[in-house]
Amino acid sequence: MNKYERLLLQNKAWSEEKLTLDKSYFERLAFQQKPNFLWIGCSDSRVPADRITGTDPGEIFVHRNIANMVVHTDLNMLSVLEYAVHYLKVEHIIVCGHYGCGGVDAAVTNKSFGLINKWLRNIKEVYKMHQAEVDQEPTHAGKVNKLVELNVVEQCQDLIKTSIIQKAWKARKAPAIHGWVYGLSNGLINELITITPDVEAIHPIFRYEDSEL
Ligand code: CO
């Protein structure tokens, strides 16, 4: 059996196992999804949203990209955000980075990665904003991990700059925004920041008037 075939066989086994435990498992899930959480995480294969939080299918709406970025011109991210916030009405958004992130690591070097440079450019901008703090770290790995943390906080800030979040905060006082960093070496989540709905959390220049939402 090759590696590819293994996936399909494991799928059959998983489906059977679920049905053994609960006959209506898939019928119920197929009927409706009502997740309470939107996850914005890194594409890294070692950071699966549901596994590390012990959640089941149907519980977390997921968007992943390299280094868990919230780029305000990214139509993919914005569409996921709009759907999660205004249709699914999630109560929490989790931006989850991870220590040792390859995307962040690449961004703090001068190496060229072709097309990916354009994506890493967003991380370099975050580095530039916090250069003094990041450069205090004596080692390269330390710099990467410091920037991983600062980047997560910055992406949370970028979320509340969107009219999508501001509109929801005005309409229903939700969702709350959480910034986490996952440790690949111990499997534990480090909770860095929570932003609860409050206009004061938004830098004044990014606050939109009602008419412009
Ligand atoms: Co990563």
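Start by selecting L78, L81, E82, V85 and H86 in helix α4, then add I164, I165, K167, A168 and R172 in helix α9: these two groups meet, contact meaning heavy atoms within 4.5 Å. By class, this contact has six nonpolar, one polar and three charged residues. (Ala, Val, Leu, Ile, Met, Phe, Trp, Tyr, Cys and Pro count as nonpolar, Asp, Glu, Lys and Arg as charged, and the others, Gly among them, as polar.)

A note before we go on: this is a predicted model, in which local features need pLDDT of at least 70 and side-chain atom pairs count only at pLDDT 80 or more, while totals for chains, interfaces and linings use all residues. Residues are numbered from 1 along each chain as its sequence is written, and side-chain values use heavy atoms, with hydrogens and water left out.

Now show α4 (residues 75–87) and α9 (residues 163–172) as whole helices; their axes are 10 Å apart, at an angle of about 5°. Helices here are DSSP runs (H or I, at least four residues), as are strands (E, at least two), numbered from the N terminus. Axes are lines fitted to C-alpha atoms, for helices over the stretch in contact, and angles run from 0 to 180 degrees between N-to-C directions. The pair α4 and α9 is therefore roughly parallel, the word for angles under 35 degrees, with over 145 roughly antiparallel, 65 to 115 roughly perpendicular and the rest oblique.

Stay on α4 and pick Y83 and Y87. Their ring centres are 5.5 Å apart and their planes at 15°, so the pair is stacked. (Rings of Phe, Tyr and Trp, its six-membered ring, pair if their centres lie within 6.5 Å; planes under 30 degrees apart count as stacked, over 60 as edge-to-face and the rest as tilted.) Y83 is partly exposed at 37% relative accessibility, and Y87 is exposed at 59%. Buried means under 20% relative accessible area, exposed over 50%, partly exposed in between (1.4 Å probe, protein chains only).

Next, go to the cobalt ion. C42 (SG), H98 (NE2) and C101 (SG) coordinate it at 2.0 to 2.3 Å. Donors are N, O and S atoms within 2.8 Å of the metal (3.2 Å for Na, K and Ca); water is not among the atoms, so sites may look incomplete. C42 sits in strand β1 and H98 in strand β3, so the pair ties together parts 56 residues apart in sequence. Both C42 and H98 are buried.

Last stop: select H178 in strand β4 (residues 176–182). H178 is buried, at 12% relative accessibility.
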